[in-house]
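Okay, thanks for coming, everyone. Let me put the thing up on the screen and then talk you through a few spots in it.

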Amino acid sequence: MNRWSVGLIAAACFVLAGVVHFTVDSGAAELWEGALSRVGVVMCAVWLAMPTRTRDAAWAHISWQTLAGGLLGLVMIVRTRVPLKLLIPAALFSAGVYFVLRPRPKTRPQRRA
């Protein structure tokens, strides 16, 4: 898929959702407005994650441990139905702990030839 076409699809979805919101007054309009705006958000996320000429794709350097941990966390959230008022502070705390305790890259002195 081309990055330009994904961006155009996302923009078209947002424009159509706005047109439906301001022009159509019916129950079906809410359905289409919600669907178009959600598809637009997902397409924006895909557009941001796609590679460019100067950077790799967002998923190019993800280890299998990170992927497995993310999927496990997602399954746990969906299965236990944790309320967001508990989940968001816990996620922020976990991210802060990870940021502080993560291993730092070691700088090594240059070799002399």
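Quick bit of bookkeeping before the helix: the span we'd expect for a helix is 1.5 Å times one less than its number of residues. And keep in mind that what you're looking at is a predicted model.

So, helix H3. That's residues 64–80, 17 residues in total, and from the first C-alpha to the last H3 reaches 24 Å, close to the 24 Å expected. Right after H3 comes Arg 81, and Arg 81 has a positive phi, near 55 degrees.

Now over to a different arginine, Arg 3, which sits in helix H1, residues 3–23. Is Arg 3 buried or exposed? Well, Arg 3 is buried, and yet there's no salt bridge for Arg 3. The nearest side chain of opposite charge belongs to Asp 56, and that's 12 Å away. What Arg 3 does have is the backbone oxygen of Trp 47, 2.5 Å from a polar atom of the Arg 3 side chain. Leaving out residues up to four places away in sequence, Arg 3 touches Trp 47, Leu 48, Met 50, Pro 51, Thr 52 and Arg 55.

Last topic, cysteines. How many disulfides does a search of the whole structure find? The count is 0. Take Cys 13: the closest cysteine sulfur is the one in Cys 44, at 8.9 Å, so that's too far for a bond, given that a disulfide needs the two sulfurs within 2.5 Å. As for accessibility, Cys 13 is buried at 10% relative accessible area, while Cys 44 comes out partly exposed at 28%.

Notes: Residues are numbered from 1 along each chain as its sequence is written. This is a predicted model: local features need pLDDT of at least 70, side-chain atom pairs count only at pLDDT 80 or more; totals for chains, interfaces and linings use all residues. Side-chain values use heavy atoms; hydrogens and water are left out. Helices (H or I, at least four residues) and strands (E, at least two) are DSSP runs, numbered from the N terminus. Buried means under 20% relative accessible area, exposed over 50%, partly exposed in between (1.4 Å probe, protein chains only). Lys and Arg count as positive and Asp and Glu as negative; His and the chain ends are not counted. A salt bridge is a side-chain nitrogen of Lys or Arg within 4 Å of a carboxyl oxygen of Asp or Glu. A polar contact is a pair of N or O atoms within 3.5 Å; within protein, one must be able to donate a hydrogen and the other to accept it, and residues adjacent in sequence count only if both atoms are side-chain atoms. Contact means heavy atoms within 4.5 Å.
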